Amino acid sequence: MIKNVCCIGAGYVGGPTMSVFADKCKDVIFNVVDVNEERIKAWNSDDLAKLPIYEPGLGEIVKRCRGKNLFFSCEVYKCIAEADMIFISVNTPTKTKGVGAGKASDLKWIESCARQISAYATAHTIVVEKSTLPVRTGEVIKEILDSSKSLRNKNSTFDILSNPEFLAEGTAIENLLNPDRVLIGGSNKDAINALHAIYKNWVPEEKIIHSNLWSSELSKLTANAFLAQRVSSINSIGAFCEVTGADIREVSRAIGKDSRIGSKFLNAGPGFGGSCFKKDILNLVYLANHFGLPEVANFWESVVHLNSWNQDRLTHIILEKLFGTLSEKKIGILGFSFKANTNDTRESPAIQICKNLLSEGATLKIHDPKVSKKQVALEFGIPPIEECKKNEELNKKFKYKKWEYSILKDDFFDNLDAVVVLTEWDIYSSINWEKAAKKMRSPGWVFDTRLIVDEEGVINSGLSFWGIGIGNLK
Ligand code: NAD
Ligand code: UGA
């Protein structure tokens with residue numbers, strides 16, 4: 001029976017996953033380790049609002065378990081040595097240089113984990129791939145673990161499992177507590193059963209699926225590719241609706257009633273963001289080409305292509321409605337995270353859309369309930385207006401690319417020419433447009449890329465409304 005678990009990587013997956021595991025398996029010790037000291041410090045913060053990840057429900061679980069059977073530290077080697085099961089939950093971003101740059105996954109963090117495990121594991125250790133990995137990565141990990149025999153403890157032996165994570169940000173805790181399925185891939189029955197026994201503490205038996213290692217690795221990439229494909233599919237039809245007078249909400253409802261299609265993941269929007277959809281599809285594209293399947297590669301690449309096109313399309317629509325020029329115009333941006341209920345901005349469609357608007361000369365006023373000003377500045381590579389004003393050089397350099405960060409009070413709307421809703425945060429659906437309209441410049445526009453604002457309120461206030469998959473509403 002597993003007594004001590006180490007998770008390498010205290011990120012969006014490692015942190016919440018191990019917190020739920022610890023809450024459900026009180027007899028097992030869970031050590032979450034990371035090389036990022038700042039992140040670990042935040043995980044250990046007394047103020048739960050300072051945890052490095054915002055995820056509804058996470059704070060309470062951390063409060064219950066931290067210091068009892070859940071520990072966050074930078075003691076990677078010590079925790080590896082003590083563990084009888086190790087989850088690898090590190091980042092696997094797209095390669096930025098070398099062979100496969102722009103598509104293949106960069107496995108340098110995975111390789112370094114394998115080397116660390118090989119060097120410090122002390123007895124029999126079950127190594128679990130939690131990160132999303134190219135199919136057949138298990139082979140590489142095994143080779144590294146087995147080949148560094150000279151460095152490692154002679155008594156250590158390893159089994160490798162794949163146990164991909166399917167949680168979605170913003171609903172991570174709910175997804176972990178009540179998963180649609182848990183997938184365990186591997187060849188050694190004892191190792192599979194050991195991990196199965198952990199999940200069995202709260203997941204119904206029929207939801208725990210076993211497969212071979214390669215099926216498990218490929219299933220994770222495939223699940224993300226199918227989900228992203230649905231978003232691109234509905235966004236392609238959204239564009240169609242706008243030019244034909246159809247309403248994407250009605251089309252989604254009509255097709256979603258077909259039990260073969262299903263009603264979930266049919267919301268038109270600015271395009272999919274998040275750290276994984278794009279990288280995982282591009283990885284699939286890379287692998288398909290590698291295995292001599294260019295038609296398969298092209299099919300999946302078109303999903304990413306449509307997503308980028310959709311983001312640029314939105315910029316063109318805003319530009320066209322605002323008389324073809326954005327210079328001297330001020331646009332309010334509501335929402336910067338890639339979806340609601342997370343502070344994650346990775347690949348958020350807001351980044352590209354805002355950059356496009358800035359390039360057209362617009363001044364942006366940005367609000368997000370959970371994303372910090374510092375994070376927005378990091379994503380843009382442009383400091384906010386107030387910092388530029390203080391520094392003549394910055395002022396000159398970013399003269400035409402200006403943005404400020406703001407809270408959402410009535411004066412947010414002062415002198416705005418348009419408001420663009422980019423993330424579906426609840427608070428944006430209860431904005432008083434009558435009050436907002438009085439503060440905005442006329443003719444003012446509201447562009448709703450998530451279909452969450454009170455359209456009637458907008459129209460009654462005298463502002464013009466444009467909705468994704470609907471077009472203009474009079
Ligand atoms: P993340 O970047 O938030 O966290 C990864 C962490 O690993 C970082 O804090 C980094 O410092 C740490 N790390 C890297 N190498 C290390 C090493 N050798 N030793 C110790 N720490 C190390 O990433 P994430 O979003 O948690 O994603 C992790 C994996 O899970 C990725 O493969 C991703 O595709 C997959 N995944 C992510 C999600 C999600 O919602 N974010 C969901 C399912 C699967
Ligand atoms: C996604 C998957 O849903 C998870 O199962 C998976 O584990 C995870 O990726 C991963 O591997 O990282 P996540 O990216 O957190 O989770 O969030 P989603 O809810 O899938 O949303 C992804 C993007 O698609 C968001 O930008 C969201 O706004 C967009 N989306 C989603 C739409 O535009 N319309 C929809 O109907 C659904």
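Here's a short walk through a ligand site and a helix pair in this predicted model.

**Stop 1: ligand 2.** Select ligand 2 and show what surrounds it: you should get a shell of 20 residues. Phe 166, Leu 167, Glu 169, Cys 276 and Arg 450 are the closest of them. Color that shell by class and you'll see 11 nonpolar, 4 polar and 5 charged residues.

**Stop 2: the backbone contacts.** Now zoom in on the oxygen atoms of ligand 2 and turn on the protein backbone. At Leu 167, a backbone N or O atom sits 2.7 Å from a ligand oxygen. Hop over to Glu 169, where a polar backbone atom is also 2.7 Å from an oxygen atom of ligand 2. Then pick Gly 273: one of its backbone N or O atoms lies 2.9 Å from a ligand oxygen. If you switch on a surface here, keep in mind that ligand 2 taken alone exposes 700 Å², and the protein buries 90% of that.

**Stop 3: over to α9.** Which helix gives the shell around ligand 2 its largest share? That's α9, with 4 residues. Select residues 213-244 to see this helix whole, then add α11, residues 277-290. The two pack at about 115°, their axes 9 Å apart, and the crossing is left-handed.

**Stop 4: the helix contact.** Show side chains on both helices. From α9, pick Leu 218, Leu 221, Asn 224, Ala 225, Leu 227 and Ala 228. They meet Phe 277, Asp 280, Ile 281, Asn 283, Leu 284 and Leu 287 of α11. Colored by class, this contact comes out as 9 nonpolar, 2 polar and 1 charged residues.

Note on methods
Residues are numbered from 1 along each chain as its sequence is written. Chains are lettered from A and ligands numbered from 1 in the order in which they are written. This is a predicted model: local features need pLDDT of at least 70, side-chain atom pairs count only at pLDDT 80 or more; totals for chains, interfaces and linings use all residues. Side-chain values use heavy atoms; hydrogens and water are left out. Axes are lines fitted to C-alpha atoms, for helices over the stretch in contact, and angles run from 0 to 180 degrees between N-to-C directions. A crossing is left-handed if the near helix is turned anticlockwise from the far one by less than a right angle, and right-handed if clockwise. Contact means heavy atoms within 4.5 Å. Ala, Val, Leu, Ile, Met, Phe, Trp, Tyr, Cys and Pro count as nonpolar, Asp, Glu, Lys and Arg as charged, and the others, Gly among them, as polar. A residue is near a molecule or strand if one of its heavy atoms lies within 4 Å of it. A polar contact is a pair of N or O atoms within 3.5 Å; within protein, one must be able to donate a hydrogen and the other to accept it, and residues adjacent in sequence count only if both atoms are side-chain atoms. Accessible areas come from the Shrake-Rupley method with a 1.4 Å probe; for residues, only the protein chains shown count as cover.
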